[in-house]
Amino acid sequence: MVPLAGSAVQSVDWLAIAPPTVVAVTALVVLVADLFLPARKKPLLGGISIAGLTLAGLSLLPLLDGDRSTFCLTSGTRACSYTADHFTLVIQLLVLGGALLTALLSVSDLVDFALPSGEFWFLLLSSVAGAALLPASRDLATLVVALEVASLPAFALVGLRRDDSRSSEAALKFFLSSVTATAVTLLGVSFVYAATGTLHLTQVADALTHVDPRLGTLAQAGVALTLVGFAFKTAAVPFHFWVPDTYVGAPLPIAAYLSVVGKAVGFTGLILVTVVAFPSYADVWAPALAVLAALTMTLGNAGALRQRPDRTRSAVRLLAWSSVGQAGYLLVPIAAAGYADDPGHAIGSTVAYALMYAAVNLGAFAVAALVARTHPAHRVADYRGLYARRPLAALALGFFLLCLAGLPPGIIGLFAKVTVFHAAVDAGLGWLAVVMAVNVVIALYYYLQWTALLFRAPESAPEAGAEGQEAERPARIPLPLAAATALAALAGLALSGAPQLVLRFASGALL
């Protein structure tokens with residue numbers, strides 16, 4: 001909205017800020033309702049949360065007609081703290097869609113593990129509100145605040161199983177490493193502010209082109225430290241060490257949430273600070289991100305290869321290391337943006353890949369949650385013969401894994417990888433494209449190995465009570481869990497049938 005003439009007071013564009021606002025209001029409603037609802041009616045909180053996320057998603061529709069900005073400066077160069085452009089809307093769609101699937105996955109977990117409903121839904125919605133705010137943030141202060149609003153509730157969600165020492169350990173590791181990254185980010189932001197005198201991203205970009213030579217080193221240190229903080233949020237090597245233990249210790253829906261929405265938050269912040277705020281330092285951050293991308297995809301795939309199928313929780317660990325490898329692919333177009341004449345086009349490949357990854361990775365976690373109801377050890381070996389027991393679940397998981405591998409019939413995975421290759425080659429990063437090609441081939445091994453296991457003949461059923469064996473419990477698929485799996489499968493199939501729905505983001509400038 002345009003500020004009132006001659007006044008420091010401005011009106012607020014409530015429509016532009018509707019998506020994060022609706023989620024935040026829903027979180028407050030859940031918090032208050034939890035105080036008055038009796039225990040037997042606590043499941044209503046899940047319904048309220050799902051309805052709020054759906055309403056927030058629908059609030060994106062009126063924003064499709066064009067860019068809207070609010071909280072703008074009233075004098076000098078017009079700069080705004082909140083902008084709802086195409087980039088913002090796509091990331092908010094990813095965040096809200098991922099949060100909705102996470103909410104559906106969580107309904108049965110709350111009952112099975114006796115988790116506190118009110119705390120869970122309030123923390124999840126608070127984190128989603130911060131994640132939805134971050135892509136619209138156009139100043140460093142709002143960016144950091146949104147990042148922390150998205151992250152702080154996640155610490156508590158990881159450690160919500162209070163009687164599980166593994167969950168507490170995961171939450172502590174996640175908290176300590178994340179707080180360190182936040183401190184580094186804040187130090188970097190303070191250096192940038194000291195060198196430029198502004199926090200708005202567009203003004204920072206202008207000021208960095210003519211920094212006082214006496215403050216040049218300070219500005220360079222600020223840029224580097226800010227990038228390090230966001231690299232942690234993306235789980236880029238060497239800031240990835242928290243991922244496997246956190247995913248294993250967290251409730252499975254929260255691991256799925258961190259793998260998609262948490263990663264989207266980190267990549268969004270990284271895109272905004274590199275492409276919008278620090279374009280004049282592309283000769284510094286572009287090579288650094290290219291090296292990080294190569295290291296991240298290589299170590300992620302190497303970690304996934306080391307997982308033994310019969311090891312307890314190997315399925316979750318494999319998905320965790322896989323997500324680290326996928327983070328490397330997502331970093332490639334951001335690095336390429338530093339070499340491109342039009343960085344806005346280059347980052348479209350990251351957005352296209354992130355949309356594909358979000359749908360199929362959440363689907364893989366949904367099937368993992370389904371299998372965990374009868375095999376709580378979370379072993380890859382537990383998936384042997386899944387097709388004989390649950391053919392639809394096996395077909396869905398096979399499809400999700402093939403999408404992640406980039407093989408037919410997962411057409412959207414193949415096309416998304418091609419756009420990333422294209423971005424690297426166009427930027428002259430042929431060596432990085434070669435590294436990615438090698439890693440894609442390496443990843444085929446563990447993705448196809450898991451997929452083949454689904455259709456192998458099942459082992460003989462273990463006798464109940466036999467030493468070292470698990471007796472299967474009667475399996476009933478809760479409706480929300482089935483709905484989450486079905487929605488993810490439908491999204492993957494729709495994108496594979498019409499890949500232009502995602503790939504058009506790779507061909508247009510989003511920023």
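How many of the 15 residues of H15 are buried? Keep that question in mind as you open the structure, which is a predicted model, and begin by selecting residues 391–405, the stretch that makes up helix H15.

**First stop: helix H15.** This helix of 15 residues reaches 21 Å from its first C-alpha to its last, close to the 21 Å expected at 1.5 Å a residue. Twelve of the 15 residues are buried, so H15 is largely enclosed by the rest of the structure. If you colour the buried residues, you will mark, among them, Ala393, Leu397, Phe399, Phe400 and Cys403. To find what covers these buried residues, show the helices around them, including H12 (314–337), H13 (343–372), H16 (411–426) and H17 (430–454). Then step just past the end of H15 to Gly406, whose phi is positive, near 85 degrees.

**Second stop: Ser178.** Select Ser178 next, which you will find in helix H6, running over residues 165–196. With a relative accessible area of 0%, Ser178 is buried, because buried means under 20%. Leaving aside its neighbours within four places in sequence, you can display the residues in contact with Ser178, namely Phe155, Phe232 and Lys233.

**Third stop: a patch on the surface.** Finally, select Leu28, Leu31, Val32, Leu35 and Phe36, which form a nonpolar patch on the surface and together have about 550 Å² of accessible area. Val32, one of these residues, has its place in helix H1, which covers residues 18–36. Is Val32 buried or partly exposed? Its relative accessible area is 45%, and Val32 is therefore partly exposed, since that term covers values between the 20% limit for buried and the 50% limit for exposed.

Conventions:
Residues numbered from 1 in each chain as written. Predicted model: local features only at pLDDT ≥ 70, side-chain atom pairs only at ≥ 80, totals over all residues. Heavy atoms only, no water. Patch = residues over 30% accessible without salt bridge, like charges linked within 9 Å, V, L, I, M, F, W, Y side chains within 5 Å. Areas by Shrake-Rupley, 256 points an atom, 1.4 Å probe, with all protein chains shown as cover. Salt bridge = Lys/Arg side-chain N within 4 Å of Asp/Glu carboxyl O. Helix = DSSP H or I, 4+ residues; strand = E, 2+ residues; numbered from the N terminus. Buried < 20%, exposed > 50% of the residue type's maximum accessible area, 1.4 Å probe, protein only. Expected span 1.5 Å × (residues − 1). Contact = heavy atoms within 4.5 Å.
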